[in-house]
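Good morning, and thank you for coming. I would like to take you through a structure that is new to this group, beginning with how some of its helices pack and ending with its pockets.

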Amino acid sequence: MYTQGLDQKSSQSAEIKVESAEDNARFQAHVDAEEKIEPKDWMPEAYRRTLVRQISQHAHSEIIGMQPEGNWLTRAPSLRRKSILLAKIQDEAGHGLYLYSAAETLGISREQMGDQLLAGTAKYSSIFNYPTLTWADIGAVGWLVDGAAIMNQIPLCRCSYGPYSRAMIRICKEESFHQRQGYEIMVELCRGSKEQKEMAQDALNRWWWPSLMMFGPSDKDSQHSAQSMAWKIKRFSNDELRQKFVDVTVPQAEFIGLKMPDDDLVYDEESGHYRYGEINWQEFTDVLAGNGQCNRERMRTRREAHQNGAWVREAAQAHAAKKVARAAA
């Protein structure tokens, strides 16, 4: 759901192969003609590595993103809320599966990607390193985090790489449900008691700026955006997507009586856009470096889940081996 990985150095160790100018020109013409690149098509090594980095980070984010919401499954305020939240978490697991499968078509195994995440050499979205302190945080995550994800992901449905773009069509439909679920929670809290509305405002205060960071560094600091846009992996720059998100979300907050935690926020009549304050990019850098509030907790939980599931993987491998042996006999 996330573009931050485009601005990280690749963790792949393979050397970039020598490629002819003719090969690259033919590939670019294919992309410029809006023709999908498929797994068996020739592609520049840098294109493949960029996709592996982005898709694997996207998949990792979906899996890690289950944790802050799963923390509230036993404490959701009603059976209806519990069932909706459970369905959402299941969706996130499915998104990870789609994305790992798409990345595997680029020549990297799911085991390799999992090992990179567990070793800390692969990134996931910085947003999931913040705690969900109250039920209102679940609303804010759905409204803001999934709202930002949709803004990022809808253009990915037109990504030049076929398997990724097709996976995103299904994912975006489900993310739209997630965003509506989150906003509904915020609406209900704002219609409730004074304490409930204050809880919603507090959640907005804490999640607003991290949500803006989800789009990645500003364009002037983004190292790979220009090339990714030339390859039509991305269709819009980080700042363009961030501005679209602000323009859509501010009126939604005002409609339910919430105030954005930004004293510099103002509507520019001339441009038709909201102008917002300076993002704390040092916080963004710190969280990506592993120093967020929940970085260690998220990775510890992920490693424990991987270890606890070892018997399932071993049983599946043993069953597969028996099937092969029976077929050979």
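Let me begin with the pair formed by helix 4 and helix 6, which are oblique to each other. A word of caution first: what you see is a predicted model. Helix 4 covers residues 79–104 and helix 6 covers residues 135–153; they pack at an angle of about 40°, and their axes are 13 Å apart. Helix 4 passes helix 6 in a left-handed crossing.

Which residues of helix 4 meet helix 6? They are R81, L85, K88 and E92, and on the side of helix 6 the partners are W135, I138, V141, G142 and D146. In this contact, four residues are nonpolar, one is polar and four are charged.

Helix 6 also packs with helix 8, which spans residues 194–213. Here the axes come within 9 Å and cross at roughly 30°. An angle under 35 degrees counts as roughly parallel, and therefore helix 6 is roughly parallel to helix 8. The crossing of these two helices is right-handed.

From helix 6, the contact draws on A136, D137, A140, V141, W143, L144, V145 and A148. Helix 8 answers with M199, A200, A203, L204, R206, W207, W208 and S211. By class, this contact of helix 6 with helix 8 has 13 nonpolar residues, one polar residue and two charged residues. Please note V141, which is among the helix 6 residues that meet helix 4 and also among those that meet helix 8.

I turn now to the pockets. How much space lies in the largest pocket? The volume is about 570 Å³. Its lining has 16 residues, and those closest to the centre are Y100, R110, R302, H306 and R313. Helix 4 returns here: together with helix 5, residues 110–119, and helix 12, residues 295–308, it is one of the helices that each supply at least two residues of the lining. Helix 5 gives the largest share, six residues. The lining of the largest pocket divides into seven nonpolar, four polar and five charged residues.

The second largest pocket has a volume of about 250 Å³. It is lined by 15 residues, and Y124, L288, G290, N295 and M299 lie nearest its centre. Helix 11, residues 281–291, and helix 12 each supply at least two residues of this lining. Helix 12 thus appears in the lining of the largest pocket and in that of the second largest pocket. By class, the lining of the second largest pocket has seven nonpolar, five polar and three charged residues.

Thank you for your attention.

Notes. Residues numbered from 1 in each chain as written. Predicted model: local features only at pLDDT ≥ 70, side-chain atom pairs only at ≥ 80, totals over all residues. Heavy atoms only, no water. Axes fitted to C-alpha atoms, helices over the stretch in contact; angles between N-to-C directions. Helix = DSSP H or I, 4+ residues; strand = E, 2+ residues; numbered from the N terminus. Parallel < 35°, antiparallel > 145°, perpendicular 65-115°, else oblique. Left-handed = near helix turned anticlockwise from the far one by under 90°. Contact = heavy atoms within 4.5 Å. Nonpolar A, V, L, I, M, F, W, Y, C, P; charged D, E, K, R; others polar. 1 Å grid on protein atoms, 1.4 Å probe; cavity = no way out; pocket = protein on both sides within 12 Å on 5 of 7 lines; lining within 4 Å. Points joined across faces, edges and corners; volume = space filled by probe spheres on them.
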